[in-house]
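I opened this notebook to record what I looked up, element by element, in one structure. The entries follow the order in which I went through it.

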Amino acid sequence: MKAVVQDRFGPPDILRLADVDVPVPGPDEVLVRVRAAALNPYDWHMLRGDPYVARLMGGMGLRRPKNPVAGLDAAGVVEAVGVNVREPIPGTEVFGFCPGAFAELARTRPGMLARKPAGLAFSDAAALPTAGTTALRGVRETGEVRAGTRLLVNGAAGGVGTYAVQIAAGLGAEVTGVCSGRNAELVRSLGAAHVVDYTKDDFTADGFLERHGGYDVILDNVGNHPLRRLRRALAPRGTLVVNAGGSPGRVFGAVGAMLGAVAADRFVRQHLRVLPTRLDRSELAALADLAAAGGLTTVVDRTIPLVDIAAGLALVEAGHVRGKIVVDVT
């Protein structure tokens, strides 16, 4: 089968399209014929082995990639199942987390998949797993956003941000989206009541806060402000949800920011929360229900073939993708 392979850690141009053996599902695994995949910041972190501290935490590999076939998010059709798997059955349309998703076939576990709604395109379903579950968890669980909550989403036009704005607006929150001016109308169309153009305004600056006040919840998907400034933009008992941040080539990257928030949380009245990572079927199912009901749409920046994944990841790494880049594997 065709697959995008990385033999070592490095920049996107080390990726190559190659013929590899078809993975064989174990007794408790599922083999998915991938119809579409999606790119995430997770992918370039895994590609570069970055931040370096993550190599010591398992799952990435120490000196070379643990999984030579890249990718995680996918949607497709169940091709075969292991002897212990009762559900899903072959022929079921699914989406979810498939390590090695940048390939024609990928192997995963049933608990990392959910049934794809019949009316949802494979391309839209493939975009949901990582970004969608992160947004859902950040808004509903960690941020505890409710009707009337004043929520600020930093990075509102990105993959997580576009979903977070929609989910929060659907809950009745008053959403402020931070993005570039060119994405302002997009973010408003997703449900944001207010938009901050970061090229003109700094939502942590004194002048801005005098005009707008602090926020009940901040979901930070970017990591471009130090903790002390993010706290200034919070209400006295507000909640900061730290999702990501950090640039390539750093020793600690986002891990450092997360550890800083955890340490500071003990000494302040505000709630400084790190967004936990999970690969959860129940969250996938919740996203499927939202999408099927029309409460969640995917913003697709562009659709690319497998052969162009390196170029696509370079764009994701630069941080200026609107919504999601989707890979057509058909």
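Before reading off any strand partners, I noted the criterion that two strands pair if DSSP finds at least two bridges between them. I also keep in mind that this is a predicted model.

Entry on the sheet. I looked up strand 11 (residues 215-220) and strand 12 (residues 234-242), and found that they pair in the parallel sense over 5 bridges. For a single position in that pairing I took Y215, whose bridge partner in strand 12 is L234. I then turned to the sheet of 6 strands, which is open, has parallel pairing and runs in the order 10-9-8-11-12-13. Its edges are strand 10 (194-197) and strand 13 (271-274), each of which pairs on one side only. On average, and with direction ignored, I find neighbouring strands of this sheet turned by 15 degrees against each other.

Entry on helices against strands. Which strands does helix 3 (residues 129-142) touch where it packs on the sheet? I found strand 11, strand 12 and strand 13, and the direction of helix 3 makes about 150 degrees with that of strand 12. Helix 4 (residues 159-170), which I checked next, lies across strand 8 (150-154), strand 9 (174-179) and strand 11, and runs at about 170 degrees to strand 8.

Entry on a helix pair. I looked up helix 1 (residues 41-48) and helix 10 (residues 309-318), whose axes come within 9 Å and cross at roughly 105 degrees. Angles of 65 to 115 degrees count as roughly perpendicular, and helix 1 and helix 10 are therefore roughly perpendicular to each other. On the side of helix 1 the contact is made by P41, D43, W44, L47 and R48, and on the side of helix 10 by L313, V316 and E317. Sorted by class, this contact of helix 1 with helix 10 has 5 nonpolar and 3 charged residues, and no polar ones.

Entry on E104. I located E104 in the loop between strand 5 (93-97) and strand 6 (105-108). Its relative accessibility is 27%, so I list E104 as partly exposed. Leaving aside neighbours within four places in sequence, I find E104 in contact with M1, K2, V32, R33, V34 and V329. For K2 I noted further that its backbone nitrogen lies 2.9 Å from a polar atom of the E104 side chain. Finally, I compared E104 with L306: they are 202 residues apart in sequence, and their C-alpha atoms are 9.3 Å apart in space.

Note on methods. Residues numbered from 1 in each chain as written. Predicted model: local features only at pLDDT ≥ 70, side-chain atom pairs only at ≥ 80, totals over all residues. Heavy atoms only, no water. Axes fitted to C-alpha atoms, helices over the stretch in contact; angles between N-to-C directions. Helix = DSSP H or I, 4+ residues; strand = E, 2+ residues; numbered from the N terminus. Parallel < 35°, antiparallel > 145°, perpendicular 65-115°, else oblique. Contact = heavy atoms within 4.5 Å. Nonpolar A, V, L, I, M, F, W, Y, C, P; charged D, E, K, R; others polar. Buried < 20%, exposed > 50% of the residue type's maximum accessible area, 1.4 Å probe, protein only. Polar contact = N/O pair within 3.5 Å; in protein donor to acceptor, adjacent residues only side chain to side chain.
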